[in-house]
Amino acid sequence: MLRSTLLAAARSPQVRAVVESGPFDPLVSRFVAGATAADALATARVLTLDRLVTLDHLGEDIAERAQADANVAAYEHVLGLLGDAGLADRVEVSVKLSAFGQSLETDGDKIALEGARRVCAAAAAVGTTVTVDMEDHTTTDRTLETVRELRVDHPWVGAVVQAHLRRTEADCRDLAGPGSRVRLCKGAYDEPASVAYRERAEVEASFARCLGVLTAGEGLPMVATHDPRLIDLARRLGRERAVAYELQMLHGVRPAAQKALAAEGETVRVYLPYGTEWFGYFMRRLGERPANLAFFLRSLMSRG
Ligand code: FDA
């Protein structure tokens with residue numbers, strides 16, 4: 001119930017205006033590197049001492065073409081900086097197609113594909129990769145289709161699948177071909193029971209089945225969870241089947257576990273967002289752990 005409310009608030013322009021009007025909250029900076037590409041690079045430099053990073057320039061559900069172009073340009077800029085800084089072998093980028101115009105009424109898919117192509121070309125130029133985040137279930141088919149088109153020129157483009165969707169085990173079978181990179185996560189959006197498992201145990205069981213498919217496939221499974229039992233399962237399957245895989249976690253979530261896994265020799269990649277449009281991302285993080293909400297509300301009130 002609380003999670004649904006937070007996820008609905010994440011889509012409210014009014015709530016967003018109030019929350020974003022304040023300074024960068026300490027709780028926000030736990031999850032977000034900062035407002036600028038320079039902030040992102042500074043944090044990435046530290047993280048890459050023992051982990052890999054995927055950078056996310058925050059922004060989603062844009063309403064105007066100009067914002068799509070600005071978001072694409074922001075990725076081109078940060079990829080250039082990564083190349084100059086010599087970090088491109090340890091830092092890739094994650095993109096949301098809704099930030100590139102997918103949700104625009106006219107030609108949204110085409111505009112988003114063009115933008116994503118430009119970002120992939122910029123990534124290729126510096127020698128790194130791109131992973132296409134997955135948003136709510138109404139976009140799944142279009143997003144996977146866009147990934148397929150991008151992979152014609154750039155076979156290393158990563159896809160994301162969400163274990164809470166009933167369709168995902170079948171998607172894993174389709175996606176686990178040679179050279180593929182597939183990030184498996186639980187899913188952060190509030191989805192109806194018609195398309196999604198709603199019970200925690202069902203989501204975990206689906207995640208385990210999807211892990212089984214991906215680790216039996218020919219691509220690189222990217223296991224995106226903080227859930228200790230699922231991380232253990234991924235490690236066990238990886239060992240038994242002798243397949244390479246990545247463990248991926250969000251910046252600010254279980255950082256000690258991230259470091260411990262890296263110290264044990266695991267490949268750990270940190271999802272690191274930056275930018276001023278942090279509201280939707282931040283609200284989804286609160287939705288995952290409502291205990292964070294009390295801290296955040298207290299700090300909002302102390303602003304007044
Ligand atoms: P779960 O939420 O059960 O958490 C397990 C444990 O981790 C908790 O008990 C707690 O200890 C800790 N934890 C988890 N979230 C926390 C938080 N916010 N604050 C503090 N502690 C927390 N989703 C999506 O729909 N599309 C996408 O493209 C992506 N991409 C993505 C990339 C990466 C690298 C990660 C790690 C996650 C995503 N996600 C995502 C988000 C994902 O779907 C999911 O919402 C979160 O990872 C939380 O689910 P867990 O699997 O961690 O389990």
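Student: What makes H9 (200-216) roughly parallel to H10 (residues 228-241)?

Tutor: In this predicted model, where local features need pLDDT of at least 70, side-chain atom pairs count only at pLDDT 80 or more, and totals for chains, interfaces and linings use all residues, H9 and H10 pack at an angle of about 20°, with axes 10 Å apart. Angles under 35 degrees count as roughly parallel, so H9 is roughly parallel to H10; the crossing is right-handed, meaning that the near helix is turned clockwise from the far one by less than a right angle. Residues are numbered from 1 along each chain, and side-chain values use heavy atoms, without hydrogens and water.

Student: Why is H6 (residues 108-126) called oblique to H7 (residues 140-153)?

Tutor: Their axes, lines fitted to C-alpha atoms over the stretch in contact, come within 10 Å and cross at roughly 40°. Because oblique covers whatever is neither under 35, nor over 145, nor 65 to 115 degrees, H6 is oblique to H7. The crossing of H6 and H7 is also right-handed.

Student: How do you know where the largest pocket lies relative to domain 1 (1-32 + 278-304) and domain 2 (40-276)?

Tutor: Both domains give residues to its lining, so the largest pocket lies between them. Lining residues have an atom within 4 Å of a point on a 1 Å grid, and a pocket is an open set of points where a 1.4 Å probe fits, with protein on both sides within 12 Å along at least five of seven lines. There are 45 lining residues, with Arg3, Lys186, Gly187, Ala188 and Glu288 nearest the centre, and H12 gives the most, 5 residues.

Conventions: Helix = DSSP H or I, 4+ residues; strand = E, 2+ residues; numbered from the N terminus. Domains from an automatic or database assignment. Axes fitted to C-alpha atoms, helices over the stretch in contact; angles between N-to-C directions.
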